[in-house]
Amino acid sequence: GILGRPIKMFLDDSQLKPDIAARKASRYITEEKVEFIMTGTGTHVGKAMGQVAEKEKVIMLNYGAAGDILTGKDFTPYHFRVALSTGQQSGALAAYFAGTPYRKYYILCQDYAFGHDVADAFKKAMNKFKPGWQLAGEDYHPLGAKDLGPYISKVIASGAEVLITGNWGADILVLLKQGAGLGLKAKIGNYFLSDPVALPAIGDAAIGHVTAEIYMLTEDTPQNKAFIERWRKRKMDPDHPHPAWLIGKSYQAFMFMIEAIKKAKSTKAEDVIKAWEGMSYDALVGRMVMRPCDHQVVTPISVAEVLPGPGPYYKFPFVGKPNMIPGEKGAVPPAETENPRCK
């Protein structure tokens, strides 16, 4: 427990629908006297839950919903994001590729808000980190496309050395598998290639490509090594012998919130807000800081290449030791957040 009180957690399914998420969050606050709500999936869900948090005056912990809008123009002081924004994730990929000889890039993303945000953030960051880079092409495809061959052929014809994509789920599997089959040589930069559920299905088609995240199992910090050892000893989850990706990501987000509660010596939202703003925390990835103006965590960002299996953790291809992008380099400058508190 914390502050002499036990912790009780309720799990429920938003079905990725903001109205359902808002209704369920409100019910738990009213009926179960919940003082903290949290989510890790969907900017639209995060926005709806942030509105509930503000109305009910409870803290919302966001450990995965990435849209910059949540800490930008839709900011509420009750929302804290201990996860990367789209701007940070694309910015980290841009910072990484700026240090390579590659100059010619192509962008291929899913045709909805997230895909366009990925592309816009990457272009903006590349203009800052690597002036003179070339955009060989930019395309958007429908979600759930079964055949990305025509798009891949355009990438190949463009001569692009790097392909940037925000694709996730089946769309990243199709892109990598079909790309490998069609002879795509471009190195791919993506958000979701440290996922131990997706990588076995993608297989060798993932090798050599690059991904960025707030947490990777392969991070070589004392905190992460100790965390992995604790996870193994406790045998927390037979289906996940290693605390990869979402496990470590959500763990360190929750623990940062716990430290803010301890500092506040209170679970009242106003006390936690005051304590958490500007607070630093030694997370699994290193030192995190909660930026006061927009409640966006500024954190070291891991960028790593997928290596052939077997490796230290899995038999299938998995990410190697990451390059760490410093927090301030990967962060979106406060004045560019569209948050009036950051001007």
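At 19% relative accessibility, Phe192 just about makes it into the buried class, since the cut-off for buried is under 20%. That ring is a handy place to start a walk through this predicted model. Phe192 pairs with Phe114 in a tilted arrangement, with 6.3 Å from centre to centre and 50° between the planes. Phe114 sits in helix α4 (residues 113-129), while Phe192 belongs to the loop between β7 (187-190) and α7 (198-202), so the pair ties together parts that are 78 residues apart in sequence. Phe114 is buried as well, with a relative accessible area of 15%.

Phe114 has another aromatic partner in Tyr112. A pair of rings is described by the distance of the centres and the angle of the planes. For Tyr112 and Phe114 these come to 6.1 Å and 45°, and the pair is again tilted. Tyr112 counts as partly exposed, at 28% relative accessibility. The total for the structure is 19 aromatic pairs. Elsewhere, ring pairs join Tyr96, Phe97, Tyr102, Tyr105, Phe122 and Trp133 into a cluster.

Rings also turn up under charged side chains. Lys329 lies over the face of Phe129, 5.5 Å from the ring centre. Arg27 does likewise with Tyr28, at 4.8 Å from the centre of that ring. Arg27 has charged company too, as a salt-bridge network links it with Asp12, Lys24 and Glu31.

That network brings up the salt bridges, of which a search of the whole structure finds 17. How exposed are the residues that form them? Take Asp282 and Arg287, whose side chains meet with N and O 2.7 Å apart. Asp282 is partly exposed at 43% relative accessibility, and Arg287 is partly exposed at 46%. Lys225 and Asp220 form another bridge, at 2.9 Å from N to O, and Asp220 is partly exposed here, with a value of 42%. Asp294 and Arg291 tell another story. Their closest N and O atoms are 2.8 Å apart, but Asp294 is buried, with a relative accessible area of 0%, and Arg291 is buried at 11%. Both values fall under the 20% cut-off, so this bridge has buried residues at its two ends.

Next come the helices. Two packed helices are described by the angle between their axes and the distance between the axes. Helix α9 (residues 246-264) packs against helix α10 (residues 269-276) at an angle of about 105°, with the axes 8 Å apart. The two helices are therefore roughly perpendicular to each other. On the α9 side, the contact is made by Phe256, Met257, Ala260, Ile261, Lys263 and Ala264, and α10 brings Asp271, Val272, Ala275 and Trp276.

What covers the buried residues of α10? The residues in question are Ala269, Val272, Ile273, Ala275 and Trp276. Their cover includes α9, along with the strands β1 (36-39), β2 (59-62), β3 (79-81) and β10 (286-290). Val272, Ala275 and Trp276 thus appear twice, as buried residues of α10 and as part of its contact with α9. An α-helix has 3.6 residues a turn, so residues three or four places apart point the same way. Just after α10, Gly278 takes a positive phi of about 80°.

A few spots in the backbone also deserve a look. Most residues other than glycine have a negative phi, and most peptide bonds are trans. Trp245 goes against the first of these habits, with a positive phi of about 45° although it is not a glycine. Trp245 is found in the loop between α8 (222-234) and α9, and it is buried, with a relative accessible area of 12%. His295 is another non-glycine residue with a positive phi, this time of about 60°. His295 lies in the loop between β10 and β11 (297-298). Is His295 buried or exposed? With a relative accessible area of 0%, His295 is buried. The peptide bond between Gly309 and Pro310 is cis, with omega at about -5°, and Pro310 lies in the loop between β12 (301-307) and β13 (318-319).

Technical notes:
Residues numbered from 1 in each chain as written. Predicted model: local features only at pLDDT ≥ 70, side-chain atom pairs only at ≥ 80, totals over all residues. Heavy atoms only, no water. Salt bridge = Lys/Arg side-chain N within 4 Å of Asp/Glu carboxyl O. Buried < 20%, exposed > 50% of the residue type's maximum accessible area, 1.4 Å probe, protein only. Phe/Tyr/Trp six-rings, centres within 6.5 Å; stacked < 30°, edge-to-face > 60°. Helix = DSSP H or I, 4+ residues; strand = E, 2+ residues; numbered from the N terminus. Lys NZ or Arg CZ within 6 Å of the ring centre and 35° of its normal. Axes fitted to C-alpha atoms, helices over the stretch in contact; angles between N-to-C directions. Parallel < 35°, antiparallel > 145°, perpendicular 65-115°, else oblique. Contact = heavy atoms within 4.5 Å.
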